[in-house]
Amino acid sequence: MELRSWILGEHTNVCDRVRGQVFSRVPRARWDERPGDEGSSISWILWHTLRHQDVAVNAVVRGIDEVLWRDGWLERVGAAAFPVPATGLSEADDRAAAKALDPNALDGYAEAVWAETTSWLAAVPLNELDRVPDAVAGLQRAGVREDEYAWLYRMWDGKPVSFHVSWEAIGHGCNHLGEMVHVRNRLGIAGF
């Protein structure tokens, strides 16, 4: 199997699983529910996952504006009043922010982020995967404050593009897919 096909297949697999296991199963009106008032809601987990992919792939690796800043996504998802861009990068469910998210627009933002990543992955020269982007400059460009997100600066600094693709565009999404399925099951929406 050719490397590009494998990478695209892995990214598509995560996106399709979120679509099939969450989007198609959980009514949008229930996305902000937290069974037992514990943990994170599906809205928050999805927002968190998308923000990581958008910032990592676009702001850090590509050095371009994130999808969130294009086509009115900031307003459409309900994030215009957030202390964006950092809101969503932390795993902890920010209740005020999560309640403001519009699930009907959030899945559209997901599709836009995933399409942008897929388009880039389909065309990027494979030797680009070895390049080490300036993560500090990318995070600063995205408005992510180092004093608030020192852990993210440490995590991404010095890592090659392959890390940002394998973790932020694929592994991180797969990891949190499991969390969203767990929340879905606790909402009483089980099965595949």
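Reader: Why is R95 called partly exposed?

Author: Good place to start! This is a predicted model, and in it R95 has a relative accessible area of 22%. Buried means under 20% and exposed means over 50%, so a residue at 22% falls in between and R95 is called partly exposed.

Reader: What makes D93 count as buried or exposed?

Author: D93 has a relative accessibility of 17%. That value is under the 20% cut-off, so D93 counts as buried.

Reader: How do you know that R95 forms a salt bridge with D93?

Author: We look at the closest N and O atoms of the pair, which are 2.8 Å apart. The limit for a salt bridge is 4 Å, and 2.8 Å is within it, so R95 and D93 qualify. The pair also belongs to a network of salt bridges that links D32, D93, R95 and K99.

Reader: How many salt bridges does the structure hold?

Author: The structure holds 16 salt bridges. One of them joins the side chains of R19 and D16, with 2.6 Å from N to O, again within the 4 Å limit. Both residues lie in helix α1, three residues apart, which is about one turn of the helix.

Reader: What are R19 and D16 called, buried or partly exposed?

Author: R19 has a relative accessible area of 27%, and D16 has 40%. Neither value is under 20% or over 50%, so R19 and D16 are each partly exposed.

Reader: What makes R62 and E116 a pair that ties parts together?

Author: Their side chains meet in a salt bridge at 2.7 Å, N to O. R62 lies in helix α2 and E116 in helix α5, so the pair ties together parts that are 54 residues apart in sequence. As for R62 itself, a relative accessibility of 28% makes it partly exposed.

Reader: Why are C15 and C174 not called a disulfide?

Author: A disulfide needs two cysteine sulfur atoms within 2.5 Å. The cysteine sulfur closest to that of C15 is in C174, and it is 11 Å away, so the two are too far apart for a bond. Starting from C174 leads back to C15, at 11 Å. The structure holds zero disulfides.

Reader: Which of these words fits C15 and which fits C174, buried or partly exposed?

Author: C15 has a relative accessibility of 4%, under the 20% cut-off, so C15 counts as buried. C174 has a relative accessible area of 43%, between 20% and 50%, so C174 is partly exposed.

Reader: How many cavities of 30 Å³ or more are there, and what lines the largest?

Author: The count comes to one cavity of 30 Å³ or more, and about 60 Å³ of space lies in the largest cavity. Its lining includes C15, along with V14, W114 and M180, among others. The elements that give two or more residues to this lining are α1, α2 and α8. By kind, the lining divides into seven nonpolar residues, three polar and no charged.

Reader: What makes P83 count as exposed?

Author: P83 has a relative accessibility of 62%, which is over the 50% cut-off, so P83 counts as exposed. You will find P83 in the loop between α3 and α4. P83 and A97 are 14 residues apart in sequence, and their C-alpha atoms are 9.3 Å apart in space.

Note on methods: Residues numbered from 1 in each chain as written. Predicted model: local features only at pLDDT ≥ 70, side-chain atom pairs only at ≥ 80, totals over all residues. Heavy atoms only, no water. Buried < 20%, exposed > 50% of the residue type's maximum accessible area, 1.4 Å probe, protein only. 1 Å grid on protein atoms, 1.4 Å probe; cavity = no way out; pocket = protein on both sides within 12 Å on 5 of 7 lines; lining within 4 Å. Points joined across faces, edges and corners; volume = space filled by probe spheres on them. Helix = DSSP H or I, 4+ residues; strand = E, 2+ residues; numbered from the N terminus. Nonpolar A, V, L, I, M, F, W, Y, C, P; charged D, E, K, R; others polar.
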